[in-house]
Number of protein chains: 4
Amino acid sequence: MNNKKHKIKIAYIGGGSQNWAINLFKDLALCPYLKGEILLYDIDYPLAQRNVEKAGIIFHHSQSKTKFQVRAVKKLEDALKNANYVVISIFPGPIEMMASDLDIPKKYGIFQSVGDTTGPGGIMRALRSVPIYVDFAHKIVKYCPDSWVINYTNPMTLCTSTLYAAEPDIKAFGCCHEVFGTQYKLAKLVNKYLNVPQPDRKEIHLDIAGVNHFTFATEAKWNGIDLFPIIKQHISQKKFFSNRTSAALKRKKNGEWFTSDGLIAYDFFTRFGVLGAAGDRHLAEFVPWYLKSEKEIHRWGVVLTPSSYRIKSYYSARSKKNLLKTFKINELKHTSEEGVNQIMALLGIKNLDTNVNIPNKGQLADLPLGAVLETNAQFRKDSLKPVASKPLPTMLNSLVRHIIEVQKSTLKAAITRDKNLAFQAFLNDPLVNISTDKAWKMFNEMLEATKDMLPGWKI
Amino acid sequence: MNNKKHKIKIAYIGGGSQNWAINLFKDLALCPYLKGEILLYDIDYPLAQRNVEKAGIIFHHSQSKTKFQVRAVKKLEDALKNANYVVISIFPGPIEMMASDLDIPKKYGIFQSVGDTTGPGGIMRALRSVPIYVDFAHKIVKYCPDSWVINYTNPMTLCTSTLYAAEPDIKAFGCCHEVFGTQYKLAKLVNKYLNVPQPDRKEIHLDIAGVNHFTFATEAKWNGIDLFPIIKQHISQKKFFSNRTSAALKRKKNGEWFTSDGLIAYDFFTRFGVLGAAGDRHLAEFVPWYLKSEKEIHRWGVVLTPSSYRIKSYYSARSKKNLLKTFKINELKHTSEEGVNQIMALLGIKNLDTNVNIPNKGQLADLPLGAVLETNAQFRKDSLKPVASKPLPTMLNSLVRHIIEVQKSTLKAAITRDKNLAFQAFLNDPLVNISTDKAWKMFNEMLEATKDMLPGWKI
Amino acid sequence: MNNKKHKIKIAYIGGGSQNWAINLFKDLALCPYLKGEILLYDIDYPLAQRNVEKAGIIFHHSQSKTKFQVRAVKKLEDALKNANYVVISIFPGPIEMMASDLDIPKKYGIFQSVGDTTGPGGIMRALRSVPIYVDFAHKIVKYCPDSWVINYTNPMTLCTSTLYAAEPDIKAFGCCHEVFGTQYKLAKLVNKYLNVPQPDRKEIHLDIAGVNHFTFATEAKWNGIDLFPIIKQHISQKKFFSNRTSAALKRKKNGEWFTSDGLIAYDFFTRFGVLGAAGDRHLAEFVPWYLKSEKEIHRWGVVLTPSSYRIKSYYSARSKKNLLKTFKINELKHTSEEGVNQIMALLGIKNLDTNVNIPNKGQLADLPLGAVLETNAQFRKDSLKPVASKPLPTMLNSLVRHIIEVQKSTLKAAITRDKNLAFQAFLNDPLVNISTDKAWKMFNEMLEATKDMLPGWKI
Amino acid sequence: MNNKKHKIKIAYIGGGSQNWAINLFKDLALCPYLKGEILLYDIDYPLAQRNVEKAGIIFHHSQSKTKFQVRAVKKLEDALKNANYVVISIFPGPIEMMASDLDIPKKYGIFQSVGDTTGPGGIMRALRSVPIYVDFAHKIVKYCPDSWVINYTNPMTLCTSTLYAAEPDIKAFGCCHEVFGTQYKLAKLVNKYLNVPQPDRKEIHLDIAGVNHFTFATEAKWNGIDLFPIIKQHISQKKFFSNRTSAALKRKKNGEWFTSDGLIAYDFFTRFGVLGAAGDRHLAEFVPWYLKSEKEIHRWGVVLTPSSYRIKSYYSARSKKNLLKTFKINELKHTSEEGVNQIMALLGIKNLDTNVNIPNKGQLADLPLGAVLETNAQFRKDSLKPVASKPLPTMLNSLVRHIIEVQKSTLKAAITRDKNLAFQAFLNDPLVNISTDKAWKMFNEMLEATKDMLPGWKI
């Protein structure tokens, strides 16, 4: 690492983001190797303007090690021109559509813990997102063809897949912090079972395989020590897998929507010998085993995030009152995101090996080439290359492959506006275990609820 | 065709069969091109002896065009030595095990319309059958290595797969008449919609793709006329897909366990554009959509064959009274089976193009090579070659592929007696939509019930 | 077979053909099941007109069993409109280009026995043919989208591949009689070694695998009898593989350019265990072993067809004198071509199983899907489906795969007019065993000689 | 890196090695992080003893930073027991066999520049090596199943492949320094064209793809700068590719057998757009273009290493006089080998990304899974994982695939002692461009010459 500052230009699509954008500003502020400008584009321009103010506070913080010029722009093109990096974190559609993604299936007895990735809700969200991302892809290639594109939006796999489907030469990858949570969890086990101070989560080496939110650690090591025997020891504690309904009810009562005990991740370990490497709320949605009813999912300590919460928190973030509130930061701290580290690696400042979502070039040779997978990869100077993963256990691989096929058909249906194909994908989602006639009715209700975001469809 | 009689030797494993064996005798009796001997082997020797008597009646019938010497033998080896054809139709395990295959899952809310092919019951039946078939394969290759092996036993795919897994050079194929039913159904539509006399079912050309009992006609023609538009017309009748609960309840009351309206086969046509080419009772078991409850399956006009019926009919066929009853045949008629036509084609007497279950050599290039598939094939003189099929629609193909993977893992688990792998396959069966802990409990109960047929397993 | 005549319309592209067109007329005249019209299109209109006259003589012959209206048209569109069958047999480029295809490589020490399929000459011929076939494909799909297209032109594989590359839904196949010659040769062995009258060549069942002119019989049977032991016996005769230089020199002297002893086809049998199923002149051009020098190829009894002969016979066929000569047919006899049988099978009159060139759907699962292969196939009513072939021996399969890759790159280069890619293909042709700098020089000379047929290329 | 010394045990097979073993001792001596013991096994025990002495001199050198106990053992088992690392560098067969590998083909007009990897000589050497390596594999897995195995012996691909064929769970990789030479060459270009001091060869990032000695850099970067434009500039110099015959003749005269101008590596760049990443002497042997005659290869500046030189240098190294000569080292310097860096990475001391030969898990998804390929890989603590490579240009990929198939057949033939299959592989080697009958004769002569090393073969 040399200490001259690299000058870069970042275009941020969804620049009004309350979470990802702020995190990026903080991590950039703490990075002494970078400087430059950030252009925020958002369909909600005032929200982007508000983030310009927040960025100002962050980059002027006493602990900030660099300065970035941050501006809001009204046209996507203006953000993209000559950008070196494009960051995307958007919300595809009005929040009411996310509510219908959750509430309509519920009427039909289909429960979703998140509803933004897979399941009926995830598929609808994908149908809305694909045309938006097709547009992004074309504009990125037109205005900043050499840029690297970092996607944070869900459904991660389908958003990233769309970029490649629309522009095969794009240099895009999807980032998700779920795996970091697994590393953190294992770092605690290292402390507990190996009698050493808890290591940094980055010291936990995982071999990652799967699709985003349905990822697995096929290998876990710390300092060369195999952690699988420790996991076995951990989960063989008496009552480890006991019924967590009362904990779940408490969480529900307290509105702790994102808390769980990681029981499902460990259940995968018990059943398949590899550790679930995403939160239980995500893992549960990819198989027909855990979400049969609200009661059933409570048994695993997981609660269903209600649509009412989603709506409330959405509007709260955008309320005049909150927008006017002073944004304050006492201590400037690194977030748990990796975007800035990735940018540094792509600039050649410091190599990075981490997990990422990119098209399959062989990293999992038993899965279709071209499908966007989450595995380990090497970030090097202007280079991102996947590392070959240990294959998943056969039966889990078959589940992942089926998910991939559902995603491929969803993407194709979204691009060609093919309602029949979209329904075939929908019907094949692992959560859709109802009669085909009921599924068809539900599908049509959902399409109806989301139709304003489906231009060109015959619904 | 020349009219000299070919002399052949047939070994019949499961020679006490009340159905398949008798049908074979009848079709042989009506075939003027063949003569020779049939050796019946059965673990229930008296049952085989009884069939010797019945064969005598058939081959001495005034309409019989040939004679076969039929004998019962006590050792499999004695049947196999120098056989040209080996026919297998056995019942894997005591009938009480089939009862537990159905009744234990029912307790857990899993309903099966047949339970001999797929689903928890089909998997258990496979675990019992595989070691038996491994033994058959080795003995066949030892005692009659050049013979052709015709398998009628369910689970068809796994029994046939086992023969190839144990002896890759075996010349075996699985036969099933479900597709004939589809041809017959379409022959009736030809009559109805084209105003011509109902053609023979063999005149209906189907392009078949799938695995046994989960097969589809991707193309249907009569006399070069595409029948898909006719099917569309047929099912677009008002109320065609209406609720059939009352019909189902009637069937249940009357014990008409095998009757249905073919609604599910047509539902596949509606959803995926290809026609289900097996009975609804079978098709329903391969997807999670129709068998959610007894009520749900009744909606489609299908009834669940109860275990009590299975037990009763099993013992009835073997009751002293029935065994002593005189077996009478008024008119000797061709059955709907194709075994004799296949033998004739393999002898070079008359070419036959039909559907059959054999390992994938490319007939469905999107599915794993080596997996036993049901597609069209050419029977020629000492030759059986698959014809390349039209591929299945993508989403259906993905379902079939997942089934194939479950079958492969089941086979591997059965051969290696690997309980964990067997459970992974079990959990991935499309009917197993319950919590993993409950599934594990159910799996263990089922293993316990069937353990006498699982030698060498640690249960 | 019913005896009513089917009315069909045939478009003939290359309607001035002196060989294929006349053969088609004869076979049609002898077919009592067909009637209709044939429209001849040729860039040499007078030649097509001349064939109208010849057709008149044939269809008015006393032995003719039907009548076809035959007309020459000046525009391709006029031939294609509403055609049921399209037959293509053209000559791609002036005959002088075929001369340069042979003579330029010769200067560089590269000898070709035919030069129309593979080798430097075959590649140049392909570069000329591809744009012509792209045009054919588009027009066929525009004017007669439901027609079946029969291609006779070489390079067979690349012409047929081009039709599918330009119009993936086209129903085209390539026909070649080389395999018939192998059947005929084996029929003679049957007579010689089995002491029976020589059977018709159609009674020889071959399992065919490869690409056109580099095809192999992986299985040969007559009446169920394996002919491979007979072939072994035949070629184990003393001096069977002895040096045939003197025979070759005699052939060269007498201008018997197409005669050989089939030694190379048998040499493949010796080396790889499968029988070459094309003429030695073709087989030799696909490997670097036989054509090192003229002397070397003479050792196998094969002579090089000289360019002078090609030019002479081309002009002779078109000479005024010959065109004015009266065309006479004493006895009307079936030719050895199969086009009419294929048409009858596609009409549903009589099923046909034969070898044909169509895209790989799995018929040879070890070779790339989509590549045009020569294997067995089923002609049925409006249906053509490949039969899965026995795989080629590994090392031969690898040779065929490499050829396929060369063909794919040639096709891509021809469509995109990519000189570098064309040269990479050229360099990888098995006959191009010279230094890359010399190969580049030769390649440029050949392009220069053929450039009038390469519109849009930068040469 | 922590500074405590890791204690390891290394077993060295071929411990009498004059080159690889000494290099290893030197690099170990300069590594402050390791200590332990090295056990030398060699079929020539005195040679191993001699290396014990040399090791003593090295580890007692004033610049040595560590000590290793080095001993010679008489039984392979004694070396292997509890080894952590196994290094293999052997010479398969008496040197006279290498002479026949070169001289017999020469009689038939087949020229080889090295003859130890591919070509007729490489295949014979492989046939000799495979049984030896089968034995190594079994013993390694028996006596030190957790060890990492580093292979330096040629034919690299086939020796490494054999280890995996015999023991699929072995942890072996093949190392070759040819790519380092390419890095070094490019480092010089960086200096020349970018006006910066010549960087260390390790700073040149290459994306490597191919099989050992037929490897290509599909990407070359220094400090993020694409070096391909620089290569283009470099080779576009006037007369860059001019005839190098006079240089070659000089080299021949002076016995500079290993010198060349890298012209062939650049010629691949010109023809295929990727840079040959092995010496010209190796690259030339994988294609039929450069080695048509001695004159032809001289044109590229490459000389044929004569068998006489091989024999002389072999015996010279083993002469009593030389063995008695005092071994002296003035300055102890790092060699250009990477073995010690790999060991350090596998111990978790310092990560290493480099090129290596291991089975294909998807690193080149267009080539057969399982085939041993040379690509980049990550050495981490007890972990070696390939990085997905940029695919080779299509036509080059097809050449590599064919080589892989030849290697697979050679391996299979060597294990099953199948002479026919071995000949099929032999015939398909790109250098074997002679008549099949001559090739057969040559093959038999070569087998005869090497038969003492082919136990169990029927020759």
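A salt bridge here is a side-chain nitrogen of Lys or Arg within 4 Å of a carboxyl oxygen of Asp or Glu. By that rule, B:Asp353 pairs with C:Arg380, with the closest N and O atoms 2.5 Å apart. This pair crosses between chains, running from strand β11 (residues 352-359) of chain B to strand β12 (residues 372-380) of chain C. Keep in mind that this is a predicted model, where local features need pLDDT of at least 70, side-chain atom pairs count only at pLDDT 80 or more, and totals for chains, interfaces and linings use all residues. As for bookkeeping, residues are numbered from 1 along each chain as its sequence is written, chains are lettered from A and ligands numbered from 1 in the order in which they are written, and side-chain values use heavy atoms, with hydrogens and water left out.

**Chain A overall**

- Chain A has 18 helices and 13 strands; these are DSSP runs numbered from the N terminus, with helices being H or I of at least four residues and strands being E of at least two.
- Its C-alpha trace spans about 60 × 55 × 45 Å along the principal axes.
- The radius of gyration of chain A is 22 Å, which agrees with the value near 23 Å for a compact globule of 459 residues. That radius is taken over C-alpha atoms, and the globule rule is 2.2 Å times the number of residues to the power 0.38.
- Buried residues make up 63% of the 459 residues in chain A, where buried means under 20% relative accessible area, exposed means over 50%, and partly exposed is in between (1.4 Å probe, protein chains only).
- A:Ala172 is one of the buried ones, with a relative accessible area of 1%, and it lies in strand β6 (residues 171-174) of chain A.
- The C-alpha atoms of A:Ala172 and A:His6 are separated by 21 Å, with their positions 166 residues apart along the chain.

**Salt bridges**

- Side chains of opposite charge can pair when their charged atoms come close.
- Over all chains, the count comes to 88 salt bridges.
- Back to the pair between chains B and C: B:Asp353 is partly exposed at 33% relative accessibility, whereas C:Arg380 counts as buried at 13%.
- Within chain B, the side chains of B:Arg71 and B:Glu37 meet at 3.6 Å, N to O. That pair links distant parts of the chain, 34 residues apart: B:Arg71 sits in strand β3 (residues 68-73) and B:Glu37 in strand β2 (residues 34-41).
- B:Arg71 is partly exposed at 44%, and B:Glu37 is partly exposed at 26%.
- In chain D, D:Lys171 bridges to D:Asp382, the closest N and O atoms being 3.3 Å apart. These two are 211 residues apart in the chain, with D:Lys171 in strand β6 (residues 171-174) and D:Asp382 in the loop between β12 (372-380) and β13 (383-386).
- D:Asp382 is partly exposed, with a relative accessible area of 34%.
- There's also a network of salt bridges linking A:Asp207, A:Glu219, A:Lys390 and D:Lys385.

**A positive patch on chain B**

- B:Lys4, B:Lys7, B:Lys35 and B:Lys381 gather in a patch of positive charge on the surface. Patches are made of residues with over 30% relative accessible area and no salt bridge, joining like charges within 9 Å and nonpolar side chains (Val, Leu, Ile, Met, Phe, Trp, Tyr) within 5 Å.
- B:Lys4 comes in the segment before β1 (6-13) of chain B and counts as exposed at 51% relative accessibility.

**Backbone oddities**

- Most residues other than glycine have a negative phi, and most peptide bonds are trans.
- The peptide bond from A:Asn154 to A:Pro155 is cis, with omega near 0°, and A:Pro155 falls in the loop between β5 (148-151) and α6 (156-166) of chain A.
- In chain C, a cis peptide bond joins C:Asn154 and C:Pro155, with omega about 0°; C:Pro155 lies in the loop between β5 (148-151) and α6 (156-166) of that chain.
- A:Asp382 isn't a glycine, yet its phi is positive, near 45°. You'll find A:Asp382 in the loop between β12 (372-380) and β13 (383-386) of chain A, where it is partly exposed at 35%.
- C:His213 has a positive phi too, about 75°. This histidine is in the loop between β7 (204-211) and β8 (214-222) of chain C and is buried, with a relative accessible area of 3%.

Conventions:
Areas by Shrake-Rupley, 256 points an atom, 1.4 Å probe, with all protein chains shown as cover. Lys, Arg positive; Asp, Glu negative; His and termini not counted. Charge placed at Lys NZ, Arg CZ, Asp CG, Glu CD.
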